[in-house]
Amino acid sequence: MNEYDAVVIGSGINGLVAAAELAREGWSVAVAERNDTLGGFIASEERTLPGYVHDTYSSWHPLFVSGPAYAALGDDLHRLGLEYRNTDGWVTASVADDGRTTYAHRDPERTAARFADGRDRDTYLAALNGFLEIAEPFGTLMASELKSVAALRAGAKLARRTRLLRDAVTSGRSFCRREFRGPEVDHLWTPWLLHAGLSPDHAGGGLMVPVLAATMHGFGLPVVAGGSARLVDAFGKLFAELGVEVHTGTEVEHILVEGKRAVGVIAGGRRLKAKTVLASCTPTALVRDLLPPGAVDVRFTGEAERFRYGRGAMQIHVALSGPPRWREDRLAEVPLIHLSDGSASTGIACAQAEAGLLPAKPTVVVGRQDVLDPARVPDGAAALWLQLQEVPFAPAGDAAGELDTTGGWTPELARAFARRVLGRVAAHSPGLTDLVRAIDVVTPVDLAAHNVNAVHGDPYGGSAELDQNFLWRPTPAGARHATPVPGLWHIGASTHPGPGLGGGSGHLVAQRLLRHR
């Protein structure tokens, strides 16, 4: 079959969601994926040693389980083998260089009870309750085209809260300084801004701090039982049931445009005709690589070419012979820990990375999926999922003046930087190095090689700063998922509602197409 109702380019979470939702309503759908497997940045492998299952890239799914795509597809995915593991206890923590530790429990009251200042406890709980009061219109805004009647109605409800607008133009650092006397909220939640593609000093952080906190309290940190690849496996089984044609190892060379309308793609040398094309890609790739010259106007092209990409990221997977022994015993219960002093050290590390330097003291995300899903490691063993979100794609130097960066991300540099990162972890976990059995490093260059949307090793599909978010994502001219080319729709992390494993743009576009049909 070479003619379809829809062809989806790319099989990250948004491509998977869009293909499944369309096919479930009777559309004939094909998915073209350049890699040999589906999933984009959703993968799990035995990266280090047999018996150790590591989530290669992304891992935690609170955005997915709290979003409309999961509401639509979750029952089918669970029927086909998807299971989640989560916690009702301590969910995340931050550990400072001096050993100071701040914890978040699923219960907001237990979290706030550990704050030293009584007013801060009340302010924190009030901020969470304030978000719950606007959660419905905020969710509508994030799940709608921003230039639509639904978004206008939601926006009107939100506009009545002038404080919300103030928070949206405030950085996370400034928000915490303004609202709280003590350091706990800054220490705990400003490192989480890295997961939204921001730094502590980017506008928008003031809005995201309570959003992130409310999400953790409400949905925890679910991980897929057996590894993230099991989610992709469930989608694959669903595709088989629905008759979705999957073309892996097939790169889309360009989008076919006839009579100013998208009519399919050329993929792997084959012509796949379609009434609708959904492209999960960056705006740069859309206008530079996929569309023929002149298919869109000069303004659309110019803004897409000026689209900015963010900092690079990297993953370090560590197989341990036994669980790490922390200086604070409670940390053994926590599935995700940030090694950070809050906006102070994380802000410095972000600035160093954006200047092209390897941070002297990077913020380290210490993931322990085996705390929630022990079957991922051999009996009695453990693993670390270390994520660094403040690294340059092409390092121009080392802020600590210790590492040679002249050759870029060579295997030697990757190992040396991994030793620095493990040293930061070991400072809070005595004897850690004696437990290490194997290490695997995924550099920003590796990220870009695996996923062409991770330009310069940016896993978030482009900077999420305020001027490139909401009404301006990916660009002012391209802020609707419907492109100037009829029949061509733009989805993925580069589009609204932005990066993360929510599947938001795939769901949004699929539902628009189904309504119009």
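**Notebook: cavities, pocket, sheet and core**

**Entry 1. The second largest cavity**

I began with the residues around the second largest cavity, and I found its lining to consist of Y124, A127, F175, F180, V185, W189, V209, P210 and A213. I then looked up which elements contribute two or more residues to this lining, and they are α5, α9 (184-189) and α10 (205-219). I noted that the model is a predicted one. The greatest contribution to the lining of the second largest cavity is made by α10, with three residues. I sorted the lining of this cavity by class and recorded nine nonpolar, no polar and no charged residues. The space inside the second largest cavity comes to about 50 Å³.

**Entry 2. The largest cavity**

I asked how many cavities of 30 Å³ or more a search of the whole structure finds. The search finds two. The largest cavity holds about 80 Å³ of space. Its lining is made up of V53, H54, D55, H317, Q369, D370, R376, V377, A383, L384 and W385. I recorded β4 (54-55), α15 (369-372) and β17 (382-391) as the elements that give two or more residues to this lining. Of the elements, β17 gives the most to the lining of the largest cavity, namely three residues. By class, I listed five nonpolar, three polar and three charged residues in the lining of the largest cavity.

**Entry 3. The second largest pocket**

I turned next to the second largest pocket, whose volume is about 550 Å³. It is lined by 20 residues, and those closest to its centre are L141, L158, L165, F470 and L471. Which helix supplies the largest share of this lining? I found that α6 does, with six residues. At least two lining residues come from each of α5 (118-142), α6 (149-159) and α7 (162-168). I divided the lining of the second largest pocket by class into 17 nonpolar, two polar and one charged.

**Entry 4. The largest nonpolar core**

I looked up the largest nonpolar core and found that it has 44 residues. Those with the most contacts inside the core are W60, Y124, V185, W189, W192, M208 and L221. I recorded α5, α6, α7, α8 (172-179), α9 and α10 as the elements that give two or more residues to this core. The largest contribution comes from α10, which gives eight residues. I compared the names with my entry on the second largest cavity: Y124, V185 and W189 are on the list for the core, and Y124, V185 and W189 also line that cavity. I added a general remark that nonpolar side chains tend to be buried together in soluble globular proteins.

**Entry 5. The seven-stranded sheet**

I traced an open sheet of seven strands, in the order β7-β6-β14-β16-β17-β13-β19, and noted that its pairing is mixed. At the edges I found β7 (101-105) and β19 (436-442), each of which pairs on one side only. On average, neighbouring strands of this sheet are turned by 20 degrees against each other, with direction ignored. I followed the pairing of β13 (residues 312-320) with β19, which is antiparallel and runs over six bridges. What is the bridge partner of H317 in β19? I found it to be D440. H317 also appears in the lining of the largest cavity. For general reference, I noted that strands of a sheet pair through backbone hydrogen bonds, either parallel or antiparallel.

**Entry 6. Strand β1 and its partners**

I examined whether β1 (residues 3-9) is mostly covered or open, and found that six of its seven residues are buried. β1 runs parallel to β12 (residues 270-280), and six bridges join the two strands. In this pairing I located V8 opposite L278 of β12. β1 also pairs with β2 (residues 29-32), in the parallel sense and over four bridges. For V7, I recorded A30 as the bridge partner in β2.

**Entry 7. Glycine 39**

Finally I looked up G39, which is placed in the loop between β2 and β3 (44-45). Is G39 buried or exposed? I recorded G39 as buried because its relative accessible area is 0%, and buried means under 20%. I also checked G39 against A196: the two are 157 residues apart in sequence and 20 Å apart in space, from C-alpha to C-alpha.

Methods. Residues numbered from 1 in each chain as written. Predicted model: local features only at pLDDT ≥ 70, side-chain atom pairs only at ≥ 80, totals over all residues. Heavy atoms only, no water. 1 Å grid on protein atoms, 1.4 Å probe; cavity = no way out; pocket = protein on both sides within 12 Å on 5 of 7 lines; lining within 4 Å. Points joined across faces, edges and corners; volume = space filled by probe spheres on them. Nonpolar A, V, L, I, M, F, W, Y, C, P; charged D, E, K, R; others polar. Pairing = 2+ DSSP bridges. Axes fitted to C-alpha atoms, helices over the stretch in contact; angles between N-to-C directions. Core = buried A, V, L, I, M, F, W, Y, C linked by side-chain atoms within 4.5 Å. Buried < 20%, exposed > 50% of the residue type's maximum accessible area, 1.4 Å probe, protein only.
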